[in-house]
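User: I would like to go through this model with you and ask, for several of the labels applied to it, what they rest on.

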Amino acid sequence: MSRIGNLPVAIPPKVEVSVDGNNTVTVKGPKGNLTQKVDPSIKVEIADGNIKVSRGGDDKRTKALHGLYRALFNNMVSGVSKGFKIEQELVGVGYRASSQGQTLDLVLGYAHHIVFELPAEIKLVTKQDKGQNPMIILESADKQLLGQVASKIRSLREPEPYKGKGIKFVNEVLRRKAGKSAAKQ
């Protein structure tokens with residue numbers, strides 16, 4: 001029995017959830033609209049301010065989908081009501097980030113600038129305070145898309161283990177290595 005799948009998802013005020021005949025769930029809220037197609041073996045119903053997910057069978061795949069869809073609906077509801085935010089930090093001498101609309105321009109120590117075009121669903125802010133590392137702040141209602149874009153930006157220059165230079169998430173703990181020790185005399 002799926003413990004996650006059996007939990008109901010509470011629908012907060014100002015959020016509308018609808019299920020159509022094609023097994024598509026639509027969630028509308030102040031931060032945006034999200035839709036999710038649901039597998040036919042999973043049944044979704046809306047009752048007294050909650051989304052309830054149930055499954056038709058007890059095979060392994062259906063049990064896995066039961067918990068998955070409940071987690072997806074929970075992320076959709078919290079995304080359209082509160083939103084999600086990811087902050088990234090550029091660690092390194094000369095590393096810079098600037099934004100122009102949905103375009104992110106990065107200087108990461110390569111011989112050229114890296115221009116990264118973001119989807120329209122993501123809000124981009126870059127911040128560069130004196131004495132601090134440059135920051136990239138991404139906000140969206142879609143948790144999956146936000147994580148995918150943040151991961152792609154991080155992959156442009158992953159933090160290296162010796163000095164920690166690269167693009168890292170704020171509050172990310174990096175595994176550091178000791179460098180070469182000095183020659184013994």
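**Labels and the values behind them**

Analyst: Glutamine 88 lies in strand E7, and since this is a predicted model, the values that follow are computed from predicted coordinates.

User: Why is glutamine 88 called buried?

Analyst: The label buried requires a relative accessible area under 20%, and glutamine 88 has a relative accessible area of 0%, so glutamine 88 is buried. Leaving aside neighbours within four places in sequence, glutamine 88 is in contact with Pro134, Met135, Ile136, Leu138, Ala150, Ile153, Arg154, Ile167, Lys168, Phe169 and Val170.

User: What makes the approach of glutamine 88 to alanine 150 a polar contact?

Analyst: A polar atom of the glutamine 88 side chain lies 2.9 Å from the backbone oxygen of alanine 150, and the cut-off for such a pair of N or O atoms is 3.5 Å. Farther along the chain, glutamate 172 is 84 residues away from glutamine 88 in sequence, while the C-alpha atoms of the two are separated by 9.3 Å.

User: How do you know which strands stand at the edges of the sheet that contains E7?

Analyst: The sheet is open, with 4 strands in the order E11-E12-E7-E13 and antiparallel pairing. Strand E11 (123-127) and strand E13 (166-169) each have a single partner strand, so one side of each is left without a neighbour in the sheet, and that is why they are edge strands. On average, and ignoring direction, neighbouring strands of this sheet are turned by 20 degrees against each other.

User: What makes E7 and E13 a pair?

Analyst: Pairing requires at least two bridges between two strands, and strand E7 (residues 84-91) is joined to E13 over 4 bridges in the antiparallel sense; the bridge partner of valine 91 in E13 is glycine 166. Helix H3 (residues 143-155) packs on this sheet, where it touches E7, E12 and E13, and its direction makes about 5 degrees with that of E7.

User: Why does serine 140 count as buried?

Analyst: Serine 140 has a relative accessible area of 7%, which falls under the 20% limit, so serine 140 is buried. Serine 140 has its place in strand E12 (residues 135-140), and, apart from neighbours within four places in sequence, it is in contact with Gly83, Phe84, Glu121, Ile122 and Leu146. The side chain of serine 140 also reaches the backbone nitrogen of aspartate 142 at 3.1 Å.

User: How do you know where confidence in the protein chain is highest and where it is lowest?

Analyst: Confidence is highest in E12, at a mean of 96, and lowest in helix H1 (residues 3-6), at a mean of 84. The protein chain as a whole averages a pLDDT of 91, and 97% of the residues score at least 70.

User: What makes E1 and E5 edge strands?

Analyst: The second sheet to consider is open, with 3 strands in the order E1-E6-E5 and antiparallel pairing. Strand E1 (9-10) and strand E5 (42-47) each pair on one side only, and they are therefore its edge strands. E1 is joined to strand E6 (residues 50-55) by 2 bridges, against a requirement of at least two, and valine 9 stands opposite isoleucine 51 in E6. Helix H2 (residues 60-81) packs on the sheet and touches E1, E5 and E6, its direction making about 165 degrees with that of E6.

User: How do you know that the length of H2 agrees with what is expected of it?

Analyst: At 1.5 Å a residue, the 22 residues of H2 should span 32 Å, and because its end C-alpha atoms are 33 Å apart, the two values agree. Among the buried residues of H2 are His66, Arg70 and Phe73.

User: Why is valine 53 called buried?

Analyst: With 7% relative accessibility, set against a limit of 20%, valine 53 counts as buried. Valine 53 is found in strand E6 and touches Gly5, Ile42, Lys43, His66, Arg70 and Phe73, not counting residues up to four places away in sequence.

User: What makes the two faces of strand E10 distinguishable?

Analyst: The side chains along strand E10 (residues 114-117) alternate, with Ile114 and Phe116 pointing to one face and buried, while Val115 and Glu117 point to the other and are not buried. Strand E9 (residues 103-107) pairs with E10 in the antiparallel sense over 4 bridges, and isoleucine 114 in E10 is the bridge partner of leucine 106.

Conventions. Residues are numbered from 1 along each chain as its sequence is written. This is a predicted model: local features need pLDDT of at least 70, side-chain atom pairs count only at pLDDT 80 or more; totals for chains, interfaces and linings use all residues. Side-chain values use heavy atoms; hydrogens and water are left out. Buried means under 20% relative accessible area, exposed over 50%, partly exposed in between (1.4 Å probe, protein chains only). A polar contact is a pair of N or O atoms within 3.5 Å; within protein, one must be able to donate a hydrogen and the other to accept it, and residues adjacent in sequence count only if both atoms are side-chain atoms. Contact means heavy atoms within 4.5 Å. pLDDT is the predictor's confidence in each residue, from 0 to 100. Axes are lines fitted to C-alpha atoms, for helices over the stretch in contact, and angles run from 0 to 180 degrees between N-to-C directions. The expected span of a helix is 1.5 Å times one less than its number of residues.
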